[in-house]
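Let's take a walk through a protein together. Have the sequence and the 3D view open, and follow along one piece at a time.

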Amino acid sequence: MRQSNFLRLLGVLLLTGSLSVVSVAAITTPPSNDFHQWAATPPLGWNSWDAFGTTVTEAQIKQQADFMAAKLKAHGWQYITVDIQWYQPTSKGHSYEEGAKLAMDGFSRLVPAPEKFPSAAGGQGFKPLADYVHGKGLKFGIHMMRGIPRQAVKQNTPLLGTHLRAADIADINSICTWNPDMYGVDMSKPGAQAYYDSLMQQLADWGVDFVKVDDLSRPYDQNRAEVEAIRKAIDKTGRPIVFSTSPGETALSAGAHVNRHANMWRISDDFWDRWELLLAQFKRLHDWTPYRIAGAWPDADMLPLGIVEFDRPTRFTRDEQITLMTLWSIARSPLIHGGDMTSTDPFTLSLLTNDEVLAVNQHSAHNRQLFRTDDGLIAWVADAEDGRAKYLAVFDTRDASAAATGSRPVPVELAALGLQGQVQVRDLWSHTPLEPVSGTFKPQVAPHGARLFRLTPSAD
């Protein structure tokens, strides 16, 4: 909230004596003209990387959009995002080819390769595909790399709206360590902001609703000027384009900057379906709690569920998949599905369409870790949307070798949640009411498993 608005509200609250009953969320909700409102709740969507790597095509994107519209849209899912190298006609797998010829327009900007996206031919860009996605009632996103194409610098092509050329703004010492396509942009050079303005205006003209900009979050301080340039360029278009930075691990020291410029930012490197990677996200999500505000979300990365890497099932067990969805939901991470939706099995579909769990992700408040014990028991808590009930997530992160000993209780003192007397309990994964509890709640949890509850004080 702008400082003048905050001080005005604070004065009213002090005069009326009502400050004590106003929630922190009410004070920190950004104004309606702020870009944070474009992602007022964590984005729910799909991204092509986990399933298709660099190879996704227009036909596959349309198939994913068709599935989302038919099966997931009613549950709040809305973004369909084309990940990296849509401009590289011969890309393969999850790797990159140095020196490949990239599809590029006359103003140093990458464009969709018609070999992959036929409707982009004739200078149409992503507009026809975005129109298709919008026609399904969904939103369209793309991935971009930070900087300017090395190909443009080599050819020294023009920059739109200036008399300058690509080599005038490129920082050839600023390169991505894992992708060979781009140089960084030296934002101190004339024409640098104009270049980013032209990129974001191109996205707006195509009808893009979401942009994931890669090679930006790490090292953050080195790229801070380009983060600011992208923010300015998006705002200048007048189109509400949700801005996601990638990859992580974003430095915690950047928290106060990134949540003023981006809607979401990666808190880790690429997340895949291995338990050790899932376990590490608990601490990261806890550490990022001070910087999680409405419209600015620490992003624990995609959900590698169902069929990923072209044709293999996720390596996560069912318990681990529930842990994944529970943690991302109670910590209010964006939910970006990575599996091939056209191959969705009933169990995966049940994870993605559980409205009671999705409500925790979309509508809870004051989300925080309650405790973490030395022997692997973890609890998170959040306020429910009605202001009375609490959401409680409990986890058992013991090593898988503990499975032989079966489930064990995760004791939670209800007073630590601000709950007194008898409490009604609802299991959100099974959609069932449980016996009321008081004092200490001791749900049983399997190793690598999780449970998620709504706890409601009994009526007086």
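What follows is a tour of a predicted model, going from its sheet to the helices packed on it and then to a few side chains.

Let's begin with the sheet. It is an open sheet of eight strands, paired in parallel, and if you read across it the order is β10-β9-β8-β7-β3-β2-β1-β13. The strands at the edges are β10 and β13 (335-337); each has a single partner strand, so one side of each is left without a neighbour in the sheet. Neighbouring strands here don't line up perfectly: on average they are turned by 25° against each other, direction ignored.

Now pick out strand β7 (residues 210-214). Is it buried or exposed? Five of its five residues are buried, so β7 is largely enclosed by the rest of the structure. It helps to know a general rule: in a regular strand the side chains alternate between the two faces of the sheet. You can see two sets in β7: Phe210, Lys212 and Asp214 sit on one side, Val211 and Val213 sit on the other, and all of them are buried, which leaves both faces covered. Yes, that list includes a lysine and an aspartate!

What about the neighbours of β7? It pairs with β3 in the parallel sense over five bridges, and there you'll find Met145 opposite Asp214. Strand β8 (residues 242-245) also runs parallel to β7, joined to it by four bridges, with Val242 of β8 opposite Phe210.

Move along to strand β1 (residues 44-47), which pairs with β2 in the parallel sense over three bridges. Gly45 has Tyr79 in β2 as its bridge partner. Helix α4 packs on the sheet here, touching β1 and β2, and its direction makes about 165° with that of β2. Helix α5 packs on the sheet too: it touches β2 and β3, and its direction makes about 140° with that of β3.

Let's stay with α5 (residues 127-135) for a moment. Its buried residues include Leu129, Ala130 and Val133. Why do they line one face of the helix? Seen down the axis of α5, the buried residues fall within an arc of 100°, so they share one face. The background is simple: an α-helix has 3.6 residues a turn, so residues three or four places apart point the same way. The buried residues of α5 pack against α4 (58-72), β2 (79-82), β3 (139-145) and α8 (192-206). Just after the helix, look for Gly137, which takes a positive phi of about 80°.

Next, the aromatic rings. A search of the whole structure turns up 17 aromatic pairs. Take Phe282 and Phe395: their ring centres are 4.9 Å apart and their planes stand at 85°, so this pair is edge-to-face. The pair links distant parts of the chain, with Phe282 in helix α11 (residues 275-287) and Phe395 in strand β16 (residues 390-396), 113 residues apart. Both Phe282 and Phe395 are buried. Elsewhere, Trp86, Tyr87, Phe117, Phe126, Phe140 and Trp206 form one aromatic cluster.

Last stop: Asp301, in the loop between β10 (297-299) and β11 (307-308). With 5% relative accessibility, Asp301 counts as buried. Its side chain makes a polar contact with the side chain of Arg266, at 3.4 Å. Leaving aside residues up to four places away in sequence, Asp301 touches Arg266, Asp269, Asp270, Phe271 and Trp328.

Technical notes:
Residues numbered from 1 in each chain as written. Predicted model: local features only at pLDDT ≥ 70, side-chain atom pairs only at ≥ 80, totals over all residues. Heavy atoms only, no water. Buried < 20%, exposed > 50% of the residue type's maximum accessible area, 1.4 Å probe, protein only. Arc of directions from axis to C-beta. Contact = heavy atoms within 4.5 Å. Polar contact = N/O pair within 3.5 Å; in protein donor to acceptor, adjacent residues only side chain to side chain. Pairing = 2+ DSSP bridges. Axes fitted to C-alpha atoms, helices over the stretch in contact; angles between N-to-C directions. Phe/Tyr/Trp six-rings, centres within 6.5 Å; stacked < 30°, edge-to-face > 60°.
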